[in-house]
Amino acid sequence: MSDCIFCKIASGEINASIVYQDDEVVAFNDLNPQAPTHVLVIPRKHVSRISELEEADAALAGRLILTANQIVRDLGLVEAGYRLVLNCNEGAGQSVWHVHLHLLGGRTFGWPPG
Ligand code: AMP
């Protein structure tokens with residue numbers, strides 16, 4: 001998608017603080033962090049929202065979580081706890097229209113989320 005900011009980050013057209021990337025996914029620090037660690041994990045493939053993921057995307061969806069888990073392990077955050085968040089549509093707070101998994105860590109989180 002030519003006008004998608006996260007596609008531009010994935011392609012390198014726009015700079016981001018990238019913490020991991022491979023053929024399928026890219027992970028980078030959130031510009032407006034909500035926790036000491038706030039990383040976004042995105043698929044390189046453009047999908048606007050998680051409700052549009054299909055059966056064929058099952059492995060890719062799993063890859064987002066496994067990538068986040070690896071980053072958390074590398075940062076030593078597993079024991080302390082961390083949160084993975086997927087916002088879908090405006091009502092849930094989605095503001096960028098390219099699937100992204102929020103990885104939040106480094107502080108205590110309340111429940112229910114706001
Ligand atoms: P959401 O509200 O779930 O769609 O999350 C979008 C996230 O993208 C927000 O946490 C923003 O701070 C973050 N964000 C937007 N633009 C950028 C960017 N260029 N680089 C890094 N994070 C961004």
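The paragraphs below go through a central strand, a pair of cysteines and the surroundings of the ligand.

This is a predicted model, in which local features need pLDDT of at least 70 and side-chain atom pairs count only at pLDDT 80 or more, while totals for chains, interfaces and linings use all residues. Residues are numbered from 1 along each chain as its sequence is written, and side-chain values use heavy atoms, with hydrogens and water left out.

A good place to begin is strand β3, which spans residues 37-43; strands (E, at least two residues) and helices (H or I, at least four) are DSSP runs, numbered from the N terminus. Seven of the seven residues of β3 are buried, so the strand is largely enclosed by the rest of the structure, where buried means under 20% relative accessible area, exposed over 50% and partly exposed in between, with a 1.4 Å probe and protein chains only. Thr-37, Val-39, Val-41 and Pro-43 point one way from β3, whereas His-38, Leu-40 and Ile-42 point the other way, and the residues of both sets are all buried.

The neighbours of this strand can be followed through its pairing, a term that requires DSSP to find at least two bridges between two strands. Strand β2 (residues 25-29) pairs with β3 in the antiparallel sense over five bridges, and within this pairing Ala-27 stands opposite Val-41 of β3. Strand β5 (residues 101-105) and β3 also pair in the antiparallel sense, over five bridges, with Gly-105 of β5 as the bridge partner of Thr-37.

The cysteines come next. A disulfide is a covalent bond between the sulfur atoms of two cysteines, and here it is taken as a pair of cysteine sulfur atoms within 2.5 Å; by this rule the count comes to zero disulfides. The closest cysteine sulfur to that of Cys-4 belongs to Cys-7 and lies 3.8 Å away, which is too far for a bond. Cys-4, at 6% relative accessibility, counts as buried, and Cys-7 counts as buried at 13%.

Finally, there are 16 residues around the ligand, of which Asp-30, Gly-93, Ser-95, His-100 and His-102 come nearest; a residue is near a molecule or strand if one of its heavy atoms lies within 4 Å of it. An oxygen atom of the ligand is 2.8 Å from a polar side-chain atom of His-102. With the backbone, a polar atom of Leu-31 is 3.1 Å from a nitrogen atom of the ligand, and a polar atom of Val-96 is 3.1 Å from an oxygen atom of the ligand.

Methods. A polar contact is a pair of N or O atoms within 3.5 Å; within protein, one must be able to donate a hydrogen and the other to accept it, and residues adjacent in sequence count only if both atoms are side-chain atoms.
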